[in-house]
Every structure is written in C-alpha cells, then in structure tokens.
Amino acid sequence: MNPDWTPPEQPEDFVFDAESEAEIAVVIGKYPAERKASAVMPLLYIAQRQLGRQTGSAWVPIVAMDDIARRLDMAPIRVYEVASFYTMYNTRPVGRYHLQVCTTTPCWLRGSDDVVAACQRATGISHFGQTSADGLFTMTEVECLGACSNAPILQVDDDFYEDMDGPQTEKLIAELRAGRRPTPGPVVDRSGSAPAGGRKTLLSTPVAADK
C-alpha cells in the first residue's frame with residue numbers, strides 16, 4: 001500500500017434521488033428476482049452519476065455501496081470488490097472533470113507522454129491520482145480504452161477524445177475550464193476509426209456486371 005495514501009472522507013448517509021430510483025427500477029426489472037445481484041454494476045454507476053450531479057464529484061461512497069448491497073441482497077464486501085476492481089468506478093472524490101489518460105503501448109507510441117505533460121501544464125497537477133488546486137480536474141492513468149486505432153486517447157468522464165496531442169489537450173482543457181464541453185471523437189480529419197484524411201480503399205462502389 002502506498003504510505004502516502006489516506007482513505008477518503010466518507011459521507012454519513014446516501015439516499016438515491018427520484019431520477020436514480022427511476023433508473024434503478026428499470027435496471028432491476030431486467031433480471032429475474034433470484035438473479036438481481038447482476039444489477040450491481042449499473043447500480044454502482046447510477047450512484048456515481050448521482051454524486052456527480054449533486055456535488056460535481058462523480059464517485060461512489062461506501063454508504064452508497066451498502067445501500068446497493070441491501071437492495072440486491074448481496075454481502076457488502078461483494079459490492080466493494082466490484083467497485084474497487086473496475087476503473088470505471090471512482091471510490092474516492094474526483095474533480096469536476098476526470099481526465100483519464102491511456103498510456104498503454106499503442107497510445108504511448110502515438111504520443112501519450114505529450115498528452116500527460118499537457119494535462120500537467122494546463123491543470124497544475126504533478127502526478128497521476130492528483131486533483132488540481134481549483135478542484136476542477138483529476139488526472140488518472142488508465143489501461144487500454146479499446147480505441148487504439150485513434151490513439152492517443154484522453155477520456156474525460158464518459159467521453160473519448162481521440163488522436164490527441166499536446167496542443168489539442170491544452171485546448172480541450174481550456175474549453176472545459178470555461179464550462180464548455182467540446183464534441184467528443186477524433187480531433188483530426190477522420191470519421192470514426194476511418195483513415196485520417198478519408199478512405200484509402202474501396203473508393204468506388206462496385207457494380208455487378210450484366211449477364
């Protein structure tokens with residue numbers, strides 16, 4: 001364990017709001033009663049989104065996990081195990097914008113070091129896991145995000161920003177700081193995962209020869 005790590009301050013209570021309750025009813029309704037524990041992952045995400053709406057910090061406190069365990073007839077430790085295993089769940093408070101930088105080999109080869117450095121310059125964050133002094137940004141190192149063809153990737157909350165470099169990263173953070181969220185996706189001239197600059201093959205539609 002990191003000797004500098006301290007457990008986050010936990011709220012004393014947590015109550016799902018009406019919006020979350022409506023989502024929970026839909027999710028649990030998808031499973032047979034004897035299999036309702038299968039809803040643990042979406043319920044964790046619902047709790048995390050609610051904290052984001054209410055506090056500006058999207059994370060899942062222990063009291064929310066305990067409520068989920070009660071609803072799903074699970075041992076609390078089983079919920080804790082899921083929440084602590086997947087990086088999509090934040091088990092401690094994060095900034096208003098969660099900067100998740102992929103540094104796995106494809107992103108690293110395409111310049112993820114520049115993205116990390118730009119995040120640090122633009123936010124004042126010095127290392128992964130830190131939150132900026134103004135509370136707006138938390139930077140986390142993540143493993144492969146599954147968009148290697150558009151590397152390097154910077155995930156902000158649930159959005160992928162693709163084909164990033166240093167200047168584009170600083171531009172994105174400036175927009176977020178101003179309260180504007182740019183459209184996610186590639187920042188270069190490409191559609192989805194198509195080649196940059198447009199198609200390179202199958203440039204015409206083949207037509208069957210007349211018999």
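Which side chain does R49 meet in a salt bridge? That pairing opens this set of close-ups, and the model behind them is a predicted one.

**Close-up 1. R49 meets E23 in a salt bridge.** The partner is E23, and the N to O distance comes out at 2.1 Å. This pair links distant parts of the chain, with R49 sitting in helix α2 (residues 40-55) and E23 in helix α1 (residues 18-28). Along the sequence the two are 26 residues apart. As for how open they are, R49 is partly exposed at a relative accessible area of 31%, and E23 is partly exposed too, at 23%. If you go hunting for others, a search of the whole structure turns up 15 salt bridges.

**Close-up 2. D73 and K36 form a salt bridge from loop to loop.** Here the closest N and O atoms are 3.0 Å apart. D73 lies in the loop between α3 (62-71) and α4, while K36 is in the loop between α1 and α2, so the pair ties together parts that are 37 residues apart in sequence. D73 is exposed, with a relative accessible area of 61%. K36, at 21%, counts as partly exposed.

**Close-up 3. R78 and E81 form a salt bridge within helix α4.** Both residues belong to that helix and sit three residues apart, or about one turn. Their closest N and O atoms are 3.2 Å from each other. R78 has a relative accessible area of 48%, so it is partly exposed. E81 is partly exposed as well, with 38%.

**Close-up 4. E21, D67, R70 and R71 share a network of salt bridges.** Take this one as a group view: the four residues are linked to one another through the network.

**Close-up 5. C144 and C148 are not joined in a disulfide.** How far is the sulfur of C144 from the closest cysteine sulfur? The distance is 3.6 Å, to C148, and that is too far for a bond, because a disulfide here needs the two sulfur atoms within 2.5 Å. Seen from the other side, C148 is in no disulfide either, and its nearest cysteine sulfur is that of C144. The structure as a whole holds zero disulfides. Both cysteines are partly exposed: C144 has 45% relative accessibility, and C148 has 36%.

**Close-up 6. S112 is buried in helix α6.** Is S112 buried or exposed? With 0% relative accessibility, S112 counts as buried, because the limit for that label is under 20%. S112 is placed in helix α6, which covers residues 112-123. Its side chain reaches the backbone nitrogen of W108 at 3.4 Å. Leaving aside residues up to four places away in sequence, S112 touches V101, C102, T103, C107 and P152.

**Close-up 7. F85, Y86 and M88 make a nonpolar surface patch.** The patch comes to about 320 Å². M88 is found in the loop between α4 (76-85) and β1 (97-102). At 40% relative accessibility, M88 counts as partly exposed.

Conventions:
Residues are numbered from 1 along each chain as its sequence is written. This is a predicted model: local features need pLDDT of at least 70, side-chain atom pairs count only at pLDDT 80 or more; totals for chains, interfaces and linings use all residues. Side-chain values use heavy atoms; hydrogens and water are left out. Patches are made of residues with over 30% relative accessible area and no salt bridge: like charges are joined within 9 Å, nonpolar side chains (Val, Leu, Ile, Met, Phe, Trp, Tyr) within 5 Å. Accessible areas come from the Shrake-Rupley method with a 1.4 Å probe; for residues, only the protein chains shown count as cover. Helices (H or I, at least four residues) and strands (E, at least two) are DSSP runs, numbered from the N terminus. Buried means under 20% relative accessible area, exposed over 50%, partly exposed in between (1.4 Å probe, protein chains only). A polar contact is a pair of N or O atoms within 3.5 Å; within protein, one must be able to donate a hydrogen and the other to accept it, and residues adjacent in sequence count only if both atoms are side-chain atoms. Contact means heavy atoms within 4.5 Å.
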